[in-house]
Amino acid sequence: MDASYLDLLMAQQEQADKQHPAPEEEVAEGGGGGIWVVADVVDGAVAPVTLEALSAARTLADSLGAYVYGVLLGGGVTDLAQTLYQAGADGVRVASLTADHPSPAQADKQHPFALEPYLKVLSDLFEAEQPEVIIFGATRQGQELAPRLAQRMGGGLIEHVTAVSLDEATRTVQASFPIYGGEYFEIAACPEARPQFLTVEPGAFPAPFIDSYRKGEPTMLEIEPVEPAVRVVGTAEDADKQHPADKQHPADKQHPFEPPPVPLAQAPVIVAAGRQAGDFDLVKQLAAALGGRVAGDRGARDAGWIGPEQIVDVRGVMVAPQVYVAVGIRGDTFHNAAIEDAKFIVAIHPDPDAPIFQVADLCLEAEPKEVLPALLEVLEE
Amino acid sequence: MRMVVILGRVLDPSGIVVNRRAGRVFVNREEYILQPADRCALEAALRIKDTTGAEVVALPRSPLPDDDVLRQALSTGADRAVYLAGQVGNLPHAGDAVMARVLAAAVERLGGADVILTGATTLDTDQSQLGPRLAEALGWPQIVGAWQVETVNGRVQAVRQASPPLVGEDGGKAGYVAVEADLPAVVTVLPGALKPRYPDGVRLINIYRAEDAVEQWDVGDLVDEAALRPLLEKRGQDFPPQRERGVRVSGTPEEMAQALADALRQRVRG
Amino acid sequence: MGAGEMGYCILMEELGRVCTSTATNVGAHIGIGAMSIYLDGTEEQKRKYLTPLARGQKIAAFVLTESDAGSDAAAIRTRAVREGDSWILDGTKTFNTNGSFADIVTVMAVTDPTLGARGGITAFIVEADMPGFKVGTHENKMGIRGSSTAELIFEEVRVPHGNVLGKVGEGFVSFMKTLDMGRLTLGAACVGGAEASLEAAIHWARTRKQFGLELAHKQSVQWMIADLATEIEALRSLVYRVAWLVDTGQPFSQLAAMCKLYGSELASRAIDVALQIHGGLGFSRDYPIERAFRDARINEIFEGTSEVQRIVIASNIFREHGVRIRP
């Protein structure tokens, strides 16, 4: 078959769908069980962590012989239901909101995260549906909603899950979560209590297969407006000026809130430049794109790009970041010993014999001047 | 006003070596430290006590074999500490769901509290559920992930990161918002949020010498046995694969950049 | 502090592990400065001076050495002359730790030049704001530069008779007792310092690769580490045993001198080994080893040089056997 015939078939299918819309998914009496994913919405789109959660849910559902359902919370998120269908959800519920109760994603810009209405909606929904597993993303929403819901419903919760497997005999999810920041993983399970709650770590699960021809009709849920218990009173700056007469902390009036600085030795992401880095501006841009700090070796200091307190060396600063990108650093023993506790090291250097390649996890034998611009472009997508 | 601080202990990670090849965790030096986030929560409580003269009571986050962390809290400035002895059922292995109920009952037995402070996350397992679970068990509002906490006229105010993160011109402070809730409330404090104070030396020695410095309550008096079965159980350990060093990426600069971006995106959060 | 000598030794060990300057500041304040008041002071003196010292509101120093009287402590020349109800002190003291910021100093002065060490030296408590007390030149030292070592000048300082520490003429005995206690705790600080050197050496031995293998695989390095570790354990046993003797009120003078002698020499040896193992890196001023090397050297000199310690030990030994040595 050639492409045009395929297009014809698809067009016919769409016509058929318009005339006979797909029936709403059946909900068994007494709760259909299933694997439910509560979606995170960021910047008006479904967050990547939700899609990854759906892929994990799909794997579990296929082994359990259950359905996957998604829940969207917020205002103006109804269209996003299609994304969930395409990522593998068999059913979607949307808790529709008015402007008074914005979604968690729009929270804090104008109003605080409206915990109470969401809790009520979700607990009513789950009381009726009796899910086997409920999955959240390990985000602010997951951090606030999942434990309260679990406590309310008497379920067990495992947070920051990076891998799941199934104990089919008892239909129990065995979840791995990192210990001491990923030194090793522990596996826990909730053998009896139901529902089982999980929050999944962003980036831990693979992205699901997106079937762009899949569609569905989401079910709308009602929300009872409940006054939020936690109110936003302004930015941190405003807090310093708030209620001066009420303030019982004279010390705080003199020392307004400053976000605590993170010293280089504790920074989670570091991009370091060496003599072969070429254009230091690119290094700075990469650091900004990754949300990391700029550092360098002694060669960078000699070139005047960094100050002495940014030198990564046993004679300078010892660092232990999650990610260390060495751009154009040759990597002598004294530099390499200072990064031995880094979790993931990337090295970009033109010389294939550079010692940095012996300690790096990912080695790019290339000119930084060529790779960095392409990298910055890809990261912007 | 009464503030309750929930404290836990954790094995000092510098005494642990993980051997991925052998698939074992070697504990070279078994030393326990106060959870860093709980230490900041205690500091937040003590700062409020400094200016308002409130009472600070320390409770354990989970069943403990000894009352060391509670004595540390007392010597740093807490007024009372209560050790929860568990002879009942499975308490020594209870998880957060059970402890939330136990602690809620303990707070009731104390005669209530105005603010409950605890760490936002644990150092080893990175679980932040205890605070919200306790808030639910008590039916109180929760403020999660605070950098700074203070009480103002029957309300508690906290500064925490805006969600989603706001980008401001000044880059720094605009990312943080001030929120408030009516008392009573549960607040969880991030590790590294405040600089904790050191315990007073003489007080420390006296507290450790006094046998009855920490009160002892039995869990059986607080919650009935049926509620004490933990919901979670440990099923084993898993070790990340040996670090694959020296993985070469080849190709055109564009291909290299793509591969690198994929690897970085996975590891750099947010 | 209520923790006893054992507790104080633990404190000094932990301080010595990290920074010799800090350990010296604390040691001079508690170990010898306040100690003489603690051992020989009247109730009134203890109440007046020990209270602020214990609270950390004031800092103490122990002032004995002069430019012509180091090891030969009995040769001091600072004079104290009785005038009615007070004493007039006049003289210059050198190499005084904590000198430039001490509030309360214990000074040894000659009250009767004819009697010499036995009966001619008296201890006085002098407050820094007494007229005539001056802080002189601040010493520019090789190591422990975080500790202040200064000249102290007494220009006709009027000290009330109530500030005589112990009995007139018994200063020598008083300061010998104080120095004995100081020796033990200096040994404790050396335990910490030597152990820190050992840890640094071990860390570098397992990191640094030469000839294809980590240094730890080279026998010469292994033996250096093994010898150090053994000696540190021996020193630790000695120090804490002497601390126990002090806490149980038993004689300890000879053993305290052994602690100081062995501890200071071991600490120097340990940092020397660490420096050798680090090689060129250890020699760099940007790396902590060279500072520890300069700091460790003072331990063999101050609070009684190693030679004086040997004299003390030998005198004690021979006295037990009936021979009175004249040093």
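Select strand β8 (residues 115-119) of chain B together with β12(B): 5 bridges join the two, and they run parallel. Strands here pair if DSSP finds at least two bridges between them. The helices and strands are DSSP runs numbered from the N terminus, with H or I over at least four residues for a helix and E over at least two for a strand. Label B:L117, whose bridge partner in β12(B) is B:V187.

This is a predicted model, in which local features need pLDDT of at least 70, side-chain atom pairs count only at pLDDT 80 or more, and totals for chains, interfaces and linings use all residues. Residues are numbered from 1 along each chain as its sequence is written, while chains are lettered from A and ligands numbered from 1 in the order in which they are written.

**Around β12 of chain B**

Add strand β9 (residues 142-152) of chain B, which pairs with β12(B) in the parallel sense over 3 bridges. B:Q142 stands opposite B:V186 in β12(B).

Now show strand β12 (residues 185-189) of chain B alone with its surroundings. Its 5 residues are buried, 5 of 5, so the strand is largely enclosed by the rest of the structure. A residue counts as buried if 20 or more other C-beta atoms lie within 10 Å of its own, as exposed if 12 or fewer do, and as partly exposed in between, with C-beta atoms placed from the backbone. B:A185, B:V187 and B:V189 point one way from β12(B), and B:V186 and B:T188 point the other way.

**Chain B as a whole**

Zoom out to chain B. Its secondary structure comes to 7 helices and 15 strands, and its C-alpha trace spans about 70 × 50 × 40 Å along the principal axes. Of its 270 residues, 46% count as buried. Contacts are residue pairs whose C-beta atoms, placed from the backbone, lie within 7 Å. Among the contacts in chain B with a separation of 6 or more, residues 24 or more positions apart account for 74%.

**Where chain B meets chain A**

Select the residues shared by this interface: 75 residues of chain B are in contact with 82 residues of chain A. Helix α7 (residues 253-267) of chain B gives the largest share of the chain B side, 11 residues. That side divides into 37 nonpolar, 20 polar and 18 charged residues. In this classing, Ala, Val, Leu, Ile, Met, Phe, Trp, Tyr, Cys and Pro are nonpolar, Asp, Glu, Lys and Arg are charged, and the others, Gly among them, are polar.

Next, pick strand β18 (residues 362-364) of chain A and strand β15 (residues 247-249) of chain B, which pair in the parallel sense over 3 bridges. The bridge partner of A:C363 in β15(B) is B:R248.

A sheet also crosses between these chains. Display β8(A)-β9(A)-β10(A)-β14(B), in that order: the 4 strands form an open sheet with antiparallel pairing. β8 (163-167) of chain A and β14 (233-238) of chain B stand at the edges with a single partner strand each, so one side of each is left without a neighbour in the sheet. From one strand to the next the twist averages 30°.

Within the sheet, strand β9 (residues 172-179) of chain A and strand β10 (residues 184-189) of chain A pair over 6 bridges in the antiparallel sense. Label A:S176, which stands opposite A:I187 in β10(A). Then show helix α2 (residues 48-64) of chain A, which packs on the sheet, touches β8 and β9 of chain A, and makes about 10° with the direction of β8(A). Such axes are lines fitted to C-alpha atoms, for helices over the stretch in contact, and angles run from 0 to 180 degrees between N-to-C directions.

**A:V283**

Centre on A:V283, in helix α8 (residues 280-290) of chain A. Is A:V283 buried or exposed? A:V283 counts as buried because it has 26 C-beta neighbours inside 10 Å. Leaving out residues up to four places away in sequence, A:V283 touches A:V271, A:A273, A:A277, A:V294 and A:V327.

**Chain C**

Finish with chain C. Its mean pLDDT is 93, and 99% of its residues reach 70 or more; pLDDT is the predictor's confidence in each residue, from 0 to 100. Colour domain 1 (21-168) and domain 2 (174-320) separately; these bounds come from an automatic or database domain assignment. The domain centres, taken over C-alpha atoms, are separated by 28 Å. In chain C, 19 residues of domain 1 are in contact with 17 residues of domain 2. Helix α2 (residues 20-40) of chain C supplies the largest share of the domain 1 side, 9 residues.

Definitions and conventions
Contact = placed C-beta atoms within 7 Å.
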